[in-house]
Amino acid sequence: MVKRIGVLTAGGDAPGMNAAIRAVARTGMIYGLELYGIHDGYLGMYEGKIEPMNRKSVSEKMSHGGTFLGTARLAEFANPEVRKVAVSKLKEFGIDAVVAIGGDGTYKGALALHEMGIKTIAIPATIDNDIEGTDFTIGFDTALQTIVEAVDKLRDTSSSHGRCSIVEVMGRNCGDLAVWTGIATGAEYVICKEVGYNLQDVLDNINQAALVKNHAIIIVAENMVNLNELAKQVGENTPFEARTTILGHVQRGGSPTSKDRVLASQMGSAAIHALMEDKSGVSVAFINNEIITIPIHAAIKDDDSQVLEMYKLFKELW
């Protein structure tokens, strides 16, 4: 029977992580469980940066971006010897279950702990929405809102000057942010890994837009193209001068939207209920408007269908 639970956030921070931690703690307390915060993800587990949590520990945190537990990346966690040290630290504190909040790397670490005999539940929290086993991850909605607000402002100035704005967004391994932004802002073109990149197609679309508009917008997922070269080509082969904008880490910050706060609360609560049902090695997921659990290994399989479906809508609307 689970009595002590450790909760951690790992990988890139995402708005709503604090709400998930709060839900894990508050729901766990209902069951009389002892909660421990593991600081700085798997690195903190390895170093023993673990402390008890109470109701006050998670108060007044839900509206804040980032994660108050801190986060870090630890590539060495793939080494079984490193994981053995981490597990020994858990045992020192009497922790017999872990709730891991994060993205793909966090999931792989949670699965490895499960295979070592530690009960684990994973919660998807990444702005990229790149956990395929859930329709939405915690943080995606907030990041999308941040990007759309920025692109709307860029549209104001680009339309005033007759320019094409080329905007790079996060999502090197998943095009959801780029495609959803394209739909929400009425962009002329979206470039992401799932659909590739054809320069002539880009130029044709921008020239078509120039027949009816005095500006254009191109949304690019990070690391897909050389932005300066693309801007040069657009400037030389369309009526528009092109300017590039890299939104960068501003996409990660900010107070989470109400949607992310509610989703995080639902998922945090569901993680505790899953442990009480003696589940382990599973991920909490939001699928077809329902909170369920699925095996972690199934949650991190490659599947581009969701991005491609939304890209089809983008093309129809353009």
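In this predicted model, the buried residues of helix 6 are covered by elements that include helix 5, strand 6 (163–169), strand 7 (189–191), strand 8 (216–221) and helix 11 (305–317). Helix 6 is mostly covered, with seven of its 10 residues buried. The buried positions in helix 6 are Asp176, Leu177, Ala178, Val179, Thr181, Gly182 and Thr185. Glycine 186 follows helix 6 and has a positive phi, near 65 degrees.

The packing of helix 6 (residues 176–185) against helix 5 (residues 140–161) was examined further. The axes of the two helices lie 10 Å apart and form an angle of about 50 degrees. Helix 5 is therefore oblique to helix 6, and the crossing of helix 5 and helix 6 is right-handed. On the helix 5 side, the contact is made by Phe140, Ala143, Leu144, Ile147, Val148, Val151, Asp152 and Arg155. Helix 6 contributes Asp176, Leu177, Trp180, Thr181, Ala184 and Thr185 to the contact. By class, the residues in the contact of helix 5 with helix 6 comprise nine nonpolar, two polar and three charged. Among the helix 6 residues in this contact are Asp176, Leu177, Thr181 and Thr185, which are also listed as buried.

A second helix pair is formed by helix 1 (residues 17–30) and helix 9 (residues 258–276), whose axes come within 7 Å and cross at roughly 40 degrees. Helix 1 and helix 9 are therefore oblique to each other. The crossing of helix 1 and helix 9 is right-handed. In helix 1, the residues in contact are Ala19, Ala20, Ala23, Val24, Thr27 and Gly28. Their counterparts in helix 9 are Arg261, Ala264, Ser265, Gly268, Ser269, Ile272 and His273. The contact of helix 1 with helix 9 divides by class into six nonpolar, six polar and one charged residues.

The cysteines were then considered. The structure holds zero disulfides. For cysteine 164, the closest cysteine sulfur belongs to cysteine 192 and lies 17 Å away, too far for a bond. Cysteine 164 counts as buried because its relative accessibility is 0%. Cysteine 192 also provides the closest cysteine sulfur to that of cysteine 174, at 8.3 Å, which is likewise too far for a bond. Cysteine 174 is buried, with a relative accessible area of 2%.

Two individual residues were also characterised. Glycine 37 is found in strand 2 (residues 34–38) and is buried, with a relative accessible area of 0%. Not counting residues up to four places away in sequence, glycine 37 touches Val7, Lys49, Ile50, Glu51, Met53 and Leu69. Glycine 37 and glycine 281 are separated by 244 residues in sequence and by 20 Å in space, C-alpha to C-alpha.

Tyrosine 46 is located in helix 2 (residues 41–47). With a relative accessible area of 32%, tyrosine 46 is partly exposed. The residues touched by tyrosine 46, not counting those up to four places away in sequence, are Leu74, Val82, Val85, Ala86 and Lys89. Tyrosine 46 and glutamate 277 are 231 residues apart in sequence, with a C-alpha to C-alpha distance of 28 Å.

Definitions and conventions
Residues numbered from 1 in each chain as written. Predicted model: local features only at pLDDT ≥ 70, side-chain atom pairs only at ≥ 80, totals over all residues. Heavy atoms only, no water. Axes fitted to C-alpha atoms, helices over the stretch in contact; angles between N-to-C directions. Helix = DSSP H or I, 4+ residues; strand = E, 2+ residues; numbered from the N terminus. Parallel < 35°, antiparallel > 145°, perpendicular 65-115°, else oblique. Left-handed = near helix turned anticlockwise from the far one by under 90°. Contact = heavy atoms within 4.5 Å. Nonpolar A, V, L, I, M, F, W, Y, C, P; charged D, E, K, R; others polar. Disulfide = S-S within 2.5 Å. Buried < 20%, exposed > 50% of the residue type's maximum accessible area, 1.4 Å probe, protein only.
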